[in-house]
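Dear colleague,

I am handing over the structure we spoke about, and below it I set out what was found in it. Please keep the model open while you read, so that you can look up each residue as it comes.

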Amino acid sequence: MGENGYLPYLMFFGGIILLIWILMRRNWRGQMRAKKDRGKDNYLVSNPRPENKQWSMSGGPADLNKWQVEMLERTRELQAEVDTKLLILQRTLMKIEASALSPEERRPIERTLQESRELVGEGSPNFSAVSELLCDDTKRAEIYALADQGQSQTEIAQQMNLDPYAVEMILNLRDS
């Protein structure tokens with residue numbers, strides 16, 4: 001290799017470095033322009049936090065928010081447990097009804113079978129409705145006012161379009 005042996009390589013790598021610099025500069029300018037258009041300090045003002053559900057306590061202290069999250073997690077866990085147990089009960093009832101029990105064998109468990117059928121027929125309570133009611137002071141106060149007027153739990157649930165189990169639980173929490 002002579003004196004010009006490295007020159008083509010130097011020119012090639014020099015061209016690549018120049019190309020990279022031009023592309024990076026273009027990218028940096030685009031970022032700076034976008035940042036200027038968006039505004040550094042006004043980003044949160046122009047993009048406010050989305051509004052939460054009315055019953056949410058997101059504006060409260062951190063401990064209250066943590067409590068609400070824990071309560072909603074427990075709610076989901078309870079809902080899953082109750083649904084699972086109802087499904088097991090339903091399958092057990094189907095197996096008992098399909099089995100050939102004599103009337104003498106069936107008589108002692110007939111009352112329990114009837115109560116189990118009623119439980120399965122009612123379904124599981126909506127625990128998330130209880131969580132929402134616990135967080136919504138106005139609805140909870142309205143439930144308490146209707147209960148103080150002498151209305152039954154089912155009447156309150158129908159009037160307010162709520163789950164009867166949720167109304168029952170809210171009223172039971174008031175007494176405790």
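Glu77 is a good place to begin: with a relative accessible area of 42%, Glu77 is partly exposed, because that value falls between the 20% and 50% cut-offs. Please keep in mind throughout that this is a predicted model.

The side chain of Glu77 meets that of Arg74 in a salt bridge, with a distance of 3.9 Å from N to O. Arg74 is also partly exposed, at a relative accessible area of 49%. The two residues are three apart in helix α3, which covers residues 62-98, and are therefore separated by about one helical turn. As background, an α-helix has 3.6 residues a turn, so residues three or four places apart point the same way. Side chains of opposite charge can then pair when their charged atoms come close.

How many salt bridges does a search of the whole structure find? The search finds three, and the two that remain to be described involve residues of helix α5, as follows.

In one of them, Arg111 pairs with Glu115, and the closest N and O atoms are 3.5 Å apart. Both residues belong to helix α5, where they are four residues apart, or about one turn of the helix. Is Arg111 buried or exposed? With a relative accessible area of 64%, Arg111 is exposed, whereas Glu115, at 39%, is partly exposed.

In the other, the side chains of Arg117 and Glu110 come together at 3.9 Å, again given from N to O. Arg117 has a relative accessibility of 26% and counts as partly exposed, and Glu110, at 31%, counts as partly exposed too.

Helix α5 itself runs over residues 110-122, which makes 13 residues, and its first and last C-alpha atoms are 19 Å apart, close to the 18 Å expected at 1.5 Å a residue. Directly after α5 comes Gly123, which has a positive phi, near 80 degrees.

A positive phi also turns up at Asn161, where the value is about 60 degrees although the residue is not a glycine. For comparison, most residues other than glycine have a negative phi. Where does Asn161 lie? Asn161 sits in the loop between α8 (153-160) and α9 (164-175), and at 72% relative accessibility it counts as exposed.

Two patches on the surface deserve a look as well. The nonpolar one is formed by Tyr6, Tyr9, Leu10, Phe12, Phe13, Ile16, Ile20, Met24 and Trp28, which together have about 1,000 Å² of accessible area. Leu10, one of these residues, is part of helix α1 and counts as exposed, at 60% relative accessibility. The other patch is positive, and it is made up of Arg25, Arg29, Arg33 and Lys36. Lys36 lies in helix α1, which spans residues 7-38, and its relative accessibility of 70% means that Lys36 counts as exposed.

Finally, for the chain as a whole, there are nine helices and zero strands, so that the pattern read along the sequence is α-α-α-α-α-α-α-α-α. The chain has 176 residues, of which 19% count as buried.

With best wishes

How values were computed: Residues numbered from 1 in each chain as written. Heavy atoms only, no water. Expected span 1.5 Å × (residues − 1). Patch = residues over 30% accessible without salt bridge, like charges linked within 9 Å, V, L, I, M, F, W, Y side chains within 5 Å. Areas by Shrake-Rupley, 256 points an atom, 1.4 Å probe, with all protein chains shown as cover. Salt bridge = Lys/Arg side-chain N within 4 Å of Asp/Glu carboxyl O. Lys, Arg positive; Asp, Glu negative; His and termini not counted. Charge placed at Lys NZ, Arg CZ, Asp CG, Glu CD. Buried < 20%, exposed > 50% of the residue type's maximum accessible area, 1.4 Å probe, protein only.
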